[in-house]
Amino acid sequence: MPRRRLTQQDRQRIAAGLADGLTYREIARRIDRPTSTITREIARNGGPADYRPQQAHQATIQRARRGTPTPPHASTPPVAAMEEETIEMAVRAGMPRTAARVHHDLMLAKDGRRTAAELTHRLNVSPASVSVAVKYLVQQGYVRRDRDPRRRRDIYVIDDDAWYHSVVISGQQTLETVRATMAVAEIYGLDDPVGQRLAKTAAFLEHVSLDIVESADRWRHLLT
């Protein structure tokens, strides 16, 4: 069965989905196409930051008129498709898209280090977008900020302990939620149905969070 070509309306809906912060899978579901089709379409037409539906549609028409396939440099090789899917999984887990791209790019760096200027150039995004992304990553423990005293610039680093720190920080944030939830439960009263429900929630989250942090401590040696 021949593959249905994307229409101009499809491409407009892809652009709208990107603007809404949808994942590639959610966009694919919205227009009833395979996720791989959406991944290829966006990758060969500027990427998520620079996708333009009108230009993408015109480029496809021109290729069809010439009877030539997509240029090799514009295609999405298997590795690139896998990288895009890795970013999509991070987005589905709750990470902002630009932060997911920055995190992935740092993971691919040989020494795990990039400057803000390098990230801006490599990802083709604004310095402001990189700044917001790395701030999020630093706060969540995924990345640390080093200072180059000679050039007076920040260097963002992802090291072997990054995942450990992110797990511990997440656990600490959940425990803060536990304390706030328990405080509200006590205001309602532990004999009140609402107070009881909140207290049970707090107890569950506390035990799970402590178990996760303990497990991270136990297995930290695997990262060294």
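**View 1. Three strands line up as an open sheet in the order β1-β3-β2, and their pairing is antiparallel.** Because β1 (113-115) and β2 (144-148) stand at the edges with a single partner strand each, one side of each has no neighbour in the sheet. Neighbouring strands here are turned against each other by 35° on average, direction ignored. Keep in mind as you look around that this is a predicted model.

**View 2. Here we look at how β1 meets β3 (residues 153-157).** Strands of a sheet pair through backbone hydrogen bonds, in either a parallel or an antiparallel way. For β1 and β3 the sense is antiparallel, with 3 bridges between them. You can pick out one residue pair for yourself: Arg113 has Val157 of β3 as its bridge partner.

**View 3. Helix α8 (residues 116-123) lies across β1 and β3.** Compare the helix with β1, and you will find that α8 runs at about 90° to that strand.

**View 4. The largest nonpolar core brings together 19 residues.** Val102 and Leu137 have the most contacts inside this core. Four helices give two or more residues to the core: α6 (78-92), α7 (97-108), α8 and α9 (127-139). Which residues does Val102 touch, leaving out those up to four places away in sequence? They are Leu119, Leu123, Ala133, Val134 and Leu137.

**View 5. A second core of 13 residues is separate from the largest one.** To find your way into this second core, look for Leu6, Leu18, Ile27 and Ile31, which are among its residues.

Methods: Residues numbered from 1 in each chain as written. Predicted model: local features only at pLDDT ≥ 70, side-chain atom pairs only at ≥ 80, totals over all residues. Heavy atoms only, no water. Pairing = 2+ DSSP bridges. Axes fitted to C-alpha atoms, helices over the stretch in contact; angles between N-to-C directions. Contact = heavy atoms within 4.5 Å. Core = buried A, V, L, I, M, F, W, Y, C linked by side-chain atoms within 4.5 Å. Buried < 20%, exposed > 50% of the residue type's maximum accessible area, 1.4 Å probe, protein only.
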